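Please open the structure in your viewer and keep the selection panel at hand. The tour proceeds by stops, each with something to select and something to look for.

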Amino acid sequence: MDFAELQRAHELDLYPKRPVTVVRGRNALLWDDRGRDYVDCVCGHGVANLGHGHPRVLAAIREQADRLVTLSNLFFNDRRARLLERLVAISPAGLVRAFLCNSGTEAVEAALKLTRLATGRTEFVCATRGFHGRTMGALSATFKPEYRQPFEPLVPGFHFAPFNDLDALRAQVTPATAGVLLEPVQGESGVHLGDPEYFRGVRRLCDERGALLILDEVQTGFGRTGTMFACEQLGIEPDVMCLAKAIAAGLPMGAIVCGERVLPPTGAHGSTFGGNPLCCAAALAAIDVLIEDDLPRRAREKGDYLVGRLRAARPAKVREIRHLGLMIGIEVEGGAAESILELLDAGVMTFAGGPTAIRVYPPLTIEYELLDRVAEALSHVLG
Ligand code: PLP
C-alpha cells in the first residue's frame with residue numbers, strides 16, 4: 001500500500017509534504033515504512049521534547065486509559081487537579097491559576113479573551129516576525145502577511161512593533177492597549193532570541209501603562225531553551241503565559257497560566273476536551289521526567305555541544321547560528337528548503353524557520369551519538 005498516495009488523495013493539501021511515510025519512533029529516531037531510520041530534529045514542531053515512546057509517559061497513558069479518558073469540566077478530577085497544581089508550581093511565582101485547552105492557538109485565544117476582560121481594553125501590541133497560531137484571534141496577532149491576508153478582515157486592534165526595539169513598542173502601547181503579546185524566542189520566523197534588557201523594559205512599560213504582558217511560551221516551554229520556561233532567562237514574569245506543544249509529551253494539550261489580575265467570571269470561556277484526564281496524566285508524567293532527569297540543563301549542554309561542533313566545522317553555507325538550548329536556527333546561504341531535503345536524504349529530519357533558516361529541534365533526551373550524526377550531516381550538507 002502506498003500510504004503517501006492514499007493520504008494525498010483524501011487530505012486537504014495544506015502542508016507541503018516530504019516524501020517519507022513515518023510509521024514508528026523510539027526516542028530520537030523515527031522509522032519509515034521501508035525500515036530506514038532518521039534522527040528526528042523536527043519533533044512534531046517542538047512537541048516531542050521527551051522523544052518518542054518515553055516509558056514513563058506510556059505507562060501513565062496506559063494506566064489512565066484504563067481508568068478514565070474523558071470527563072466534563074463540570075466535575076472535578078484527580079489527574080486534572082494534580083496537573084493544575086503542578087503547572088502553577090513550576091510557573092513563575094506570580095502565576096497562580098491555569099486553564100487547560102488543546103493547542104497553542106487555543107491557549108493564545110484564551111489569553112487574548114481573558115486579557116480583554118481583565119483590562120476592559122481591546123487592543124494588543126505584538127512583534128513583527130511573531131507567530132501565535134492560525135485561528136482568527138491568534139492569526140490577528142501573527143505578523144506574516146502570507147498567513148494573514150487571505151483571511152482578512154481579522155480581529156481589529158492588533159498593532160506590530162519590531163522585536164527587541166523598546167522605543168518602537170513604547171510608541172504603540174496606548175491607553176487602549178489590553179496586552180503586549182510576545183514570544184521569548186521567535187521560533188517560526190527562524191529562532192530570533194529575545195534580549196533580556198528589552199523584555200525587562202517591556203515589563204516596566206506594561207506596568208506603567210496598565211497593560212498585561214502575555215508571553216507565548218508555546219514553543220519555548222518545557223525545557224527546550226535550557227530552563228523550564230524561557231522567561232526565567234529573561235528575568236521577568238508575565239501576567240499570562242501560553243503553553244502547548246511539549247506539555248503532554250505528544251498528546252494534544254494547551255494551557256494558560258495567569259496572575260492575580262486575570263480572574264474571569266464563571267462561564268467566560270471554555271473547552272470541551274480541555275483538561276481531559278488522559279492528557280493530564282501524560283502531562284504529569286512528562287513534567288516529572290523533565291524535572292527528575294534535569295532535562296532543561298541537558299538541553300543547554302546538548303545545544304552548546306551541537307552548536308559548538310557545527311561552529312568548529314565552519315560549513316561554507318552557514319551565515320549565522322542562533323540558539324538557546326536545543327532551540328537552534330541555522331541561517332543558510334541561498335534559502336533553507338533545498339538543504340532540508342538534502343538533510344532528509346542524509347537521514348536527519350529538520351524544518352524551516354522563515355525562508356532562510358533551518359530549525360533543528362532534537363528531543364532533549366537525544367543520545368550524544370545521535371547528536372554527532374546530526375552534526376556530521378549538517379556539516380556535510382552545508383559544507
Ligand atoms: N504560538 C507559538 C509560539 C507557536 O510556535 C505555535 C505553533 O507553532 C503556536 C502558538 C500555535 O500552536 P498550535 O499549532 O498548537 O495551535
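How far is an oxygen atom of the ligand from a polar backbone atom of Gly104? Select the ligand together with Gly104: the separation between these two atoms is 2.8 Å. Please bear in mind throughout that this is a predicted model.

**First stop: the ligand**

Keep the ligand on display and add Asp216. An N or O atom in the side chain of Asp216 lies 2.6 Å from a nitrogen atom of the ligand. Next, add Gln219, where a polar side-chain atom is 2.6 Å from an oxygen atom of the ligand. Taken alone, the ligand has 390 Å² of accessible area, and the protein covers 80% of this area.

Now widen the selection to the residues around the ligand. These are Ser103, Gly104, Thr105, Phe131, His132, Gly133, Glu183, Asp216, Val218, Gln219 and Lys245. If you colour this shell by class, you will find 2 nonpolar, 6 polar and 3 charged residues.

**Second stop: helix 12 and helix 14**

Select residues 295-313, which form helix 12, and residues 368-382, which form helix 14. How far apart are the axes of helix 12 and helix 14, and at what angle do the helices pack? The axes are 10 Å apart, and the angle is about 30°. An angle under 35 degrees counts as roughly parallel, and helix 12 and helix 14 are therefore described as roughly parallel to each other. Their crossing is right-handed.

**Third stop: helix 13 beside helix 14**

Leave helix 14 selected and replace helix 12 with helix 13, residues 337-345. The axes of helix 13 and helix 14 come within 10 Å and cross at roughly 130°. Helix 13 is therefore oblique to helix 14. The crossing of helix 13 and helix 14 is right-handed.

**Fourth stop: helix 3 and helix 11**

Select helix 3, residues 55-67, and helix 11, residues 277-292. Here the axes come within 8 Å, with a crossing of roughly 155°. Because angles over 145 degrees count as roughly antiparallel, helix 3 is roughly antiparallel to helix 11. The crossing of helix 3 and helix 11 is right-handed.

**Last stop: two details of the backbone**

Select Glu152 and Pro153, and display the backbone atoms. Which kind of peptide bond joins Glu152 and Pro153? The bond is cis, with omega at about 5°. Pro153 belongs to the loop between helix 7 (145-148) and strand 6 (158-161).

Finally, select Cys43, which is located in helix 2 (residues 43-46). The phi angle of Cys43 is near 55°, a positive value in a residue other than glycine.

Methods: Residues are numbered from 1 along each chain as its sequence is written. This is a predicted model: local features need pLDDT of at least 70, side-chain atom pairs count only at pLDDT 80 or more; totals for chains, interfaces and linings use all residues. Side-chain values use heavy atoms; hydrogens and water are left out. A residue is near a molecule or strand if one of its heavy atoms lies within 4 Å of it. A polar contact is a pair of N or O atoms within 3.5 Å; within protein, one must be able to donate a hydrogen and the other to accept it, and residues adjacent in sequence count only if both atoms are side-chain atoms. Accessible areas come from the Shrake-Rupley method with a 1.4 Å probe; for residues, only the protein chains shown count as cover. Ala, Val, Leu, Ile, Met, Phe, Trp, Tyr, Cys and Pro count as nonpolar, Asp, Glu, Lys and Arg as charged, and the others, Gly among them, as polar. Axes are lines fitted to C-alpha atoms, for helices over the stretch in contact, and angles run from 0 to 180 degrees between N-to-C directions. Helices (H or I, at least four residues) and strands (E, at least two) are DSSP runs, numbered from the N terminus. Angles under 35 degrees count as roughly parallel, over 145 as roughly antiparallel, 65 to 115 as roughly perpendicular and the rest as oblique. A crossing is left-handed if the near helix is turned anticlockwise from the far one by less than a right angle, and right-handed if clockwise.
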